Amino acid sequence: MNKRSLIKTLAGGLLAFGLGAVTAVAHAADAGAPDQLIRQLSVEVIEAVKADKAIQAGDTSKISALVEAKIVPHVNFQHMTSSAVGRFWRQATPEQQTQLQAEFKTLLMRTYAGALTQVKDQQVAMKPLRAPADATDVVVKTEIRGSGDPIQLDYRLEKTDAGWKIYDVSVLNIWLADQYRNSFAQEIGANGIDGLIKALADKNKKAMIVPAKKPTA
């Protein structure tokens, strides 16, 4: 996989290799710290993948269950969706906002689930968190290390009443929200907000179609 394809896979799939494996090189942190959350998620996901041969083989139901259990509770999809939609978010009705969030979440999680099966021997080094103790919005920096050049993978997290939540991901300084904002704006400009909802829904439906197996000779 070339670097451009990897960037698209990582950004589109939210965390992809970033939650694949972890090397603890950062300072010790309490369980409620944002960098500790990223580390904990990484460890739990890679252990689950290694322990389940069905997931390694691409079992979509098990992969989806793992994503829902381990990743989804720690992502603020409303914030992520509103950032990706940009200024048009305020123009959307509450119903449209709900539909946009649901379709965008499905798109991201489905892409991430597919990328998860590609996780092999990559490791993620946690960089020291540079933020005030009372910060409520931080960037956690990590670095993917494998056979090729290291790849920078960062996370934006916000502190909520329910704990720290991820709301954006950056691969080589390209933030996920920025990656989608231009294409979303173009779709809305051409077909309106309902057009974007339909485009996302169609993409998700298409991804659900599994090609029929060819009969064996």
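In this predicted model, strand 2 (residues 137-145) and strand 3 (residues 151-160) run antiparallel and are joined by 8 bridges. The two strands form a hairpin, with 5 residues lying between them. Within this pairing, Val139 stands opposite Arg156 of strand 3. Strand 3 is also joined to strand 4 by 8 bridges, again in an antiparallel arrangement. Here the hairpin connection runs through 2 residues, and Asp154 stands opposite Ser170 of strand 4.

Strand 4 (163-171) is followed by a loop that leads to strand 5 (174-175), and Leu172 is placed in this loop. Asn173 is found in the loop between strand 4 and strand 5 as well. Most residues other than glycine have a negative phi. Leu172, although not a glycine, has a positive phi of about 50°. Asn173 is likewise not a glycine and has a positive phi, of about 70°. The relative accessible area of Leu172 is 28%, so the residue is classed as partly exposed. Asn173 has a relative accessibility of 57% and therefore counts as exposed.

The interior was examined next. The largest nonpolar core has 48 residues, and Phe104 and Leu157 are those with the most contacts inside it. Helix 7 (residues 176-208) supplies the largest share of this core, namely 8 residues. In soluble globular proteins, nonpolar side chains tend to be buried together. When neighbours within four places in sequence are left aside, Phe104 is in contact with Met80, Thr81 and Ala84, and also with Leu176, Tyr180, Phe184 and Leu200.

Met80, Thr81 and Ala84, which are among the contacts of Phe104, are also among the buried residues of helix 5. This helix spans residues 77-85, and 7 of its 9 residues are buried, so helix 5 is largely enclosed by the rest of the structure. The other buried residues in helix 5 are Phe77, Ser82, Ser83 and Val85. At the start of helix 5, a side-chain oxygen of Asn76 reaches to within 3.2 Å of the backbone nitrogen of Gln78. After the helix comes Gly86, which has a positive phi near 70°.

Terms used: Residues are numbered from 1 along each chain as its sequence is written. This is a predicted model: local features need pLDDT of at least 70, side-chain atom pairs count only at pLDDT 80 or more; totals for chains, interfaces and linings use all residues. Side-chain values use heavy atoms; hydrogens and water are left out. Helices (H or I, at least four residues) and strands (E, at least two) are DSSP runs, numbered from the N terminus. Buried means under 20% relative accessible area, exposed over 50%, partly exposed in between (1.4 Å probe, protein chains only). A nonpolar core is a set of buried Ala, Val, Leu, Ile, Met, Phe, Trp, Tyr and Cys residues joined through side-chain atoms within 4.5 Å. Contact means heavy atoms within 4.5 Å. A polar contact is a pair of N or O atoms within 3.5 Å; within protein, one must be able to donate a hydrogen and the other to accept it, and residues adjacent in sequence count only if both atoms are side-chain atoms. Two strands pair if DSSP finds at least two bridges between them.
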